[in-house]
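Subject: Structure for your review

Dear colleague,

I am passing on the structure we spoke about, together with some notes on its contacts. Please look it over at your convenience and read the notes alongside it.

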Amino acid sequence: MYMTGTPISMLTAYDYHSARYLEQAGIDICLVGDSLAMVACGYASTNEIGMDEMLYHCRAVARGAKTPFLIGDMPFGSHQASLETGVTNAIRMIREGGMEAVKIEGGKDVLPLVTRLVDIGIPVMGHIGLMPQRQSALSGFRVQGKTAESALQITKDALALQEAGAFAVLIEALPSRVAESLVSDLRIPTIGIGASSACAGQVLVQTDMLGMTEKVPRFCKKYADLATAVPDALRAYHEEVKSRSFPEESTNTYDMPEEEWRRFSELRAELKQQR
């Protein structure tokens, strides 16, 4: 797709049903992102989710998405302690989680891990720009690369990831001109999120683009408003239960053959007499 200039669609998924939605929509890449820590598990940040929890969600997604290319996020703490730890956990992502590749946040600091994983046959997608796992060090969820020096460092990181063997790089929250310069400098696909339409592909968090969260980043377009539609549906159900208008007889209930009903009535009468 990259070689033919065909734009690549990528979305996150966190469980079987959200993965099935991607499958049905024909999405190209499915990312089990560590954003699930916040949008699916209720944690305050992505850094709170561990490897075992990520693997649980990866397995659920892998059961639902059979066609999209599956990428699992390496969560915070899964590779920072040592190269050996990172290799072990990446192997777990593939073998236990059912993923086909991993995504790793970072620049020059993760190059040894990227090189090692590629050497043993694990595809790696890099992640530069705004890196949620490092948001505290980056002064929060802010646009990156707004100065010449920071844009240059991001460019160096992207080129280094390419040379280390990364098959693609996700670039998050960068000025469009900086993102476009990366597209022209790299020989591998760029996947944008809050970057430029010039990227080889785009990714969004599924819960954000479906409008399941009340507040979404500026770079996200809402394609639905489930934050309103879902509570409305639940309230309607609640009210119908209270008014006994649900379930509706013959529509939402089951019938019994008349002769069986008569026989049951006789048996029930005998049971009452015995009691």
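The notes below take the strands, the aromatic pairs, the surface patch, the salt bridges and the cysteines in turn.

Please keep in mind throughout that this is a predicted model, and that everything reported here was computed from it.

To begin with the strands, β1, which covers residues 8-12, runs parallel to β8, residues 201-204, and four bridges join the two. Within that pairing, Ser9 has Gln202 of β8 as its bridge partner. Strand β8 also pairs with β7, residues 190-193, again in the parallel sense, over two bridges. There the bridge partner of Gly192 in β8 is Gln202, the residue of β8 that is also the bridge partner of Ser9.

Turning to the aromatic side chains, the structure holds three aromatic pairs, and two of them are described here. In one of them, Phe69 and Phe167 meet edge-to-face, with 5.9 Å from centre to centre and 80 degrees between the planes. Because Phe69 belongs to strand β3 (residues 69-73) while Phe167 sits in the loop between α6 (148-164) and β6 (168-172), this pair ties together parts of the chain that are 98 residues apart in sequence. As for their surroundings, Phe69 has a relative accessibility of 29% and so counts as partly exposed, and Phe167, at 27%, is likewise classed as partly exposed. Another pair is formed by Tyr237 and Phe246, whose ring centres are 6.0 Å apart and whose planes stand at 70 degrees, so that this pair too is edge-to-face. Tyr237 is partly exposed, its relative accessible area being 49%, and Phe246 is also partly exposed, with a value of 35%.

Those two residues appear again on the surface, since Tyr237 and Phe246, together with Val241, make a nonpolar patch of about 270 Å². Phe246 itself is placed in the loop between α9 and α10.

Where do the charged side chains meet? The structure holds six salt bridges, and I describe some of them here. Arg92 forms one with Glu96, the closest N and O atoms being 2.9 Å apart, and Glu96 is partly exposed, with a relative accessible area of 31%. These two residues are also part of a wider arrangement, in that Asp52, Arg92 and Glu96 are linked in a network of salt bridges.

In helix α9, which spans residues 226-242, Arg235 and Asp232 lie three residues apart, about one turn of the helix, and their side chains meet in a salt bridge at 2.6 Å, N to O. Both partners have some access to the surface: Arg235 is partly exposed at 45% relative accessible area, and Asp232 is partly exposed at 39%.

A further salt bridge involves helix α10, residues 258-274, where Glu266 and Arg263 are three residues apart and therefore separated by about one helical turn. Here the closest N and O atoms of the bridge between Glu266 and Arg263 are 3.6 Å apart. Glu266 is partly exposed, with a relative accessible area of 43%, and the value for Arg263, also partly exposed, is 43%.

Lastly, the cysteines: how many disulfides does the structure hold? The count comes to zero. For Cys30, which is in no disulfide, the nearest cysteine sulfur is that of Cys58, 9.0 Å away. Seen from the other side, the closest cysteine sulfur to that of Cys58 is the one in Cys30, and the 9.0 Å between them is too far for a bond, given that a disulfide is counted for sulfur atoms within 2.5 Å. Cys30 is buried, with a relative accessible area of 0%, and Cys58 is buried as well, also with a value of 0%.

With best regards

Note on methods
Residues numbered from 1 in each chain as written. Heavy atoms only, no water. Phe/Tyr/Trp six-rings, centres within 6.5 Å; stacked < 30°, edge-to-face > 60°. Buried < 20%, exposed > 50% of the residue type's maximum accessible area, 1.4 Å probe, protein only. Salt bridge = Lys/Arg side-chain N within 4 Å of Asp/Glu carboxyl O. Patch = residues over 30% accessible without salt bridge, like charges linked within 9 Å, V, L, I, M, F, W, Y side chains within 5 Å. Areas by Shrake-Rupley, 256 points an atom, 1.4 Å probe, with all protein chains shown as cover. Pairing = 2+ DSSP bridges.
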